[in-house]
Amino acid sequence: MTVTVSLVSLVDDDDSVRESLPELLSHLNFAVRSFTTAEEFLASDSADQTRCLILDVVLPGMSGPDLQRELKRRGQKIPIVFISGFTDETFRNEMLAQGAVEYLFKPFSEAALLTAINAALGVS
Amino acid sequence: MNATNLCRRDDLGLTAAVRANEHASADDVTAELARMENLGPHLGDLVTAADGKPAPLQARQGPGEPALVWSGFGIAYIDAMIGGLIQQGRPLPALLNALCRLFDATVEGYSSSVLLLDRTRTRVQHAVGPGLPSNYSELLEGQSVSCASGGLQLDSNGGPAKAPAQDLKSCWSAPILSLTGEMLGIFVVYERAVNGPTSLYPALLQQFTHVASMAIERSRSEHTLRRTEALLAKALHLSSTGSFSWRVDSGEITWSDEIYRIFEFDPGVPLTLQLPCSRIHPDDLPRWYEMVDRIRNEGSDYEHEYRLLMPDHSVKYLHVVAHACRDQDGQLEYVGAVQDVSQRKLAEEALNKTRAELAHLSRVQSLGALTASIAHEVNQPLCAITNNATSCLRYLAMDPPNVERARKAVQRTVQDGNRAADVITRLRALFKKKDTTTESVQLNEIAREVIALSFGELRRSRVIVKSELADDLPPVFGDRVQLQQVILNLLLNARDAMTGVHDRPRQLLISCVRDADDRIRLSVRDAGVGFASQQALEKLFEPFYSTKSGGMGIGLAISRSIVESHHGKLWATRNEGHGATFTFSIPRAGARARAACKVTALGMPALTDAIHT
């Protein structure tokens, strides 16, 4: 059986998260690339290849929602899963309404993450 | 009867009786006065010329002339007479009564009186006229007087012009002036004959008004002195202040009654240095001995605070100030005051408690604003912990288990656990309700802690934090938590001030430097909306004034009170460009070391800061 390894990109400025999450994603058979800022992600060539973007909300410089708008403006329809330490339901709903696939509150379970990524990849 | 006789009588008679014996009793003086009255007609003879009318004094002036003798006799006589009465502490009306009787006895056919004026110097308060009808005083009391054309006149409505008795035909008056020219009263003379004033009267009146003014002034100053003494005694009692003296070499100690009351000793208990020791709080006794040794050797002024432990186990707080002086023999003597400041101490404690509670309330409110950010700060490491632990489980589930990778995952888990704990530790201090503790602290270190705590919140509000914290700053004496609270409050205010800013970076600059006055100065500069005027900025420090909808308006008021309790200042200035800068400065630790020792010793703010710094 051939499995296509999907590229999942992570943008989070927290070192611990950027260290631990890719490791977990690799166990789940995803290829992962990590970025500290939204600007870094936009400047890379990953934007074109990313099948799912795991995106922190609060970032130095351009924020998560800013990046979401920018990608929309550029016509790049990358499914986004927001992850945030801010547990604000109203804001979560707002982001979902604007097209995010999921908005996970940190900390989240492996199962919740996998469900969200699968949803982003359109895997049932 | 001639002048020589009279003069001799003066020498042998009344003046001798009064002068020779300063302790002449009231009865002696009264007896002499009675004798004087009997001599009246003869005295009248002396100043009556051959034509039976009072002779002008000037006409008789010359060596050995009767008028001069009379004049000398008169002054000496009146002085001795009234002086004796004054010395006996007789009330003023009695003195003036005697004076009038002397006048009436001296010059036949005249009745004199003294009118005392009220405070406004426009009305008669009291009138003394022993030779006048008994209702004389009532007749004149409240009458208004006026000064006109250099001489004193009573109003045309009543007054001396209206004779108090049928047989009095003429009336003269002269002002009684103090040494400084202030009008004390009026000397009024009535004559039974209708006569114009002769040149005798000015001289006579001058003598009598002079003595009257002495009597009034003397009486007033004594009254004032007694009143002052009574007020002072009352004030000392009310303020629980006693005075003492201590002759260091002889060991002689004197206490005022109030000190006996403060120490709760019976007055008359023999005073030694050991006596107060039996009441001084055991914890303060070593310091007290140390102080006594020091001042015994140094001979300089001192100020000291200590506690008493009373037999009923209650505690009193005393404040002592003493001045060192040397007597004629060069012996060292301390004169000082002891004040029981227990009430103030209790009030200060209550105030400090209230202030601490309010500060805590305000702190909790500030932290409330941080709740989301703090949750975020904790959720970050928690997220990493969950991820690492999940990875670890997977490594262990492998066949064979990848123990090395699992170990690394656990190590990261431990690190993240510690990181989460750090956030909680920082917070716990701020949420904790505890008494103020003063210690030596680094202000820039405190600033870094607060920046760390609020960093997430500031970043979430898109505030760019820039810090310029000097590294070589001396420490300050203060309460770490309270100072954190002040800085946190300034940072959150700066954030709020920039919420509506979209056209420029939301830049916040926090700086900490040592200023020219050797104080540590911390500033928080924002690029916010700013303020229209300096007055608008000052208003921010008023309690319950807020420019924010959710604000209680106590943050800055509390912050200022905290800074002031650290002997510092907190103020705000408008920036050249956008926004405002809030700055506080507090003295470095060494500058107030002595005062701070006092705080520790008694747990109360030093009363003597002004003296020591």
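Student: What order do the strands take in the open sheet with antiparallel pairing in chain B?

Tutor: Strands are DSSP runs of E of at least two residues, helices are runs of H or I of at least four, and both are numbered from the N terminus. Two strands pair if DSSP finds at least two bridges between them. Here five strands of chain B make an open, antiparallel sheet in the order β8-β7-β11-β10-β9. Its edge strands, each pairing on one side only, are β8 (252-255) and β9 (302-309) of chain B. From one strand to the next, the twist averages 20°.

Student: What conventions stand behind these numbers?

Tutor: This is a predicted model, in which local features need pLDDT of at least 70 and side-chain atom pairs count only at pLDDT 80 or more, while totals for chains, interfaces and linings use all residues. Residues are numbered from 1 along each chain as its sequence is written, chains are lettered from A and ligands numbered from 1 in the order in which they are written, and side-chain values use heavy atoms, with hydrogens and water left out.

Student: How many bridges join β7 to β11 of chain B?

Tutor: Seven bridges join β7(B), residues 241-247, to β11(B), residues 332-340, in the antiparallel sense. One register point is B:T241, whose bridge partner in β11(B) is B:Q339. β7(B) also pairs with β8(B), again antiparallel, over four bridges, and there B:S245 has B:T254 as its partner.

Student: And how many bridges join β10 to β11 of chain B?

Tutor: Nine bridges join β10(B), residues 315-326, to β11(B), and the two run antiparallel. B:L318 is opposite B:D340 of β11(B). The hairpin formed by β10(B) and β11(B) has five residues between the strands, and in it B:G330 has a positive phi near 80°.

Student: Which strands does helix α10 of chain B lie across?

Tutor: For such packing, contact means heavy atoms within 4.5 Å. Axes are lines fitted to C-alpha atoms, for helices over the stretch in contact, with angles from 0 to 180 degrees between N-to-C directions. Helix α10(B), residues 285-298, lies across β7, β9 and β11 of chain B and runs at about 150° to β9(B). Helix α11(B) lies across β10 and β11 of chain B, at about 125° to β10(B).

Student: What is the strand order in the sheet of chain B with mixed pairing?

Tutor: That open sheet of five strands has the order β13-β15-β16-β18-β17. β13 (463-469) and β17 (569-574) of chain B are its edge strands, each paired on one side only. The average twist from one strand to the next is 15°. Helix α13(B), residues 443-460, packs on this sheet and touches β13, β15 (506-514), β16 (519-525) and β18 of chain B, with its direction at about 170° to that of β13(B). At the β17 edge, β17(B) pairs antiparallel with β18(B), residues 580-587, over six bridges; B:T573 is opposite B:T581 there. Helix α16(B), residues 555-565, lies across β17 and β18 of chain B at about 130° to β17(B).

Student: Where is B:D518, and what is its phi?

Tutor: B:D518 is in the loop between β15 and β16 of chain B. Its phi is positive, about 65°, although the residue is not a glycine.

Student: Which peptide bond leading to B:P400 is cis?

Tutor: The bond from B:D399 to B:P400 is cis, with omega near 0°. B:P400 lies in the loop between α11 (342-397) and α12 (403-431) of chain B. In chain A, the bond from A:K106 to A:P107 is cis as well, with omega near -5°, and A:P107 sits in the loop between β5 (102-105) and α6 (110-121).

Student: How many residues of chain A are in contact with chain B, and what area is buried?

Tutor: The size of an interface is often given as the accessible area lost when the parts come together. Buried area is that loss (1.4 Å probe), summed over both parts. In this model 26 residues of chain A contact 24 residues of chain B. About 2200 Å² is buried, with 52% from carbon and sulfur atoms. A:E23, A:H27 and A:F86 supply 28% of the area that chain A buries against chain B, more than any other three residues.

Student: How many salt bridges and polar contacts cross between chain A and chain B?

Tutor: A salt bridge is a side-chain nitrogen of Lys or Arg within 4 Å of a carboxyl oxygen of Asp or Glu. The rule finds five across this interface, among them A:E23 with B:R412 at 2.3 Å, N to O. A polar contact is a pair of N or O atoms within 3.5 Å; within protein, one must be able to donate a hydrogen and the other to accept it, and residues adjacent in sequence count only if both atoms are side-chain atoms. Between the chains, 13 residue pairs are in polar contact, both residues at pLDDT 80 or more. Helix α1(A), residues 15-27, gives the largest share of the side of chain A that touches chain B, eight residues.

Definitions and conventions. Buried area = accessible area lost by both parts, 1.4 Å probe.
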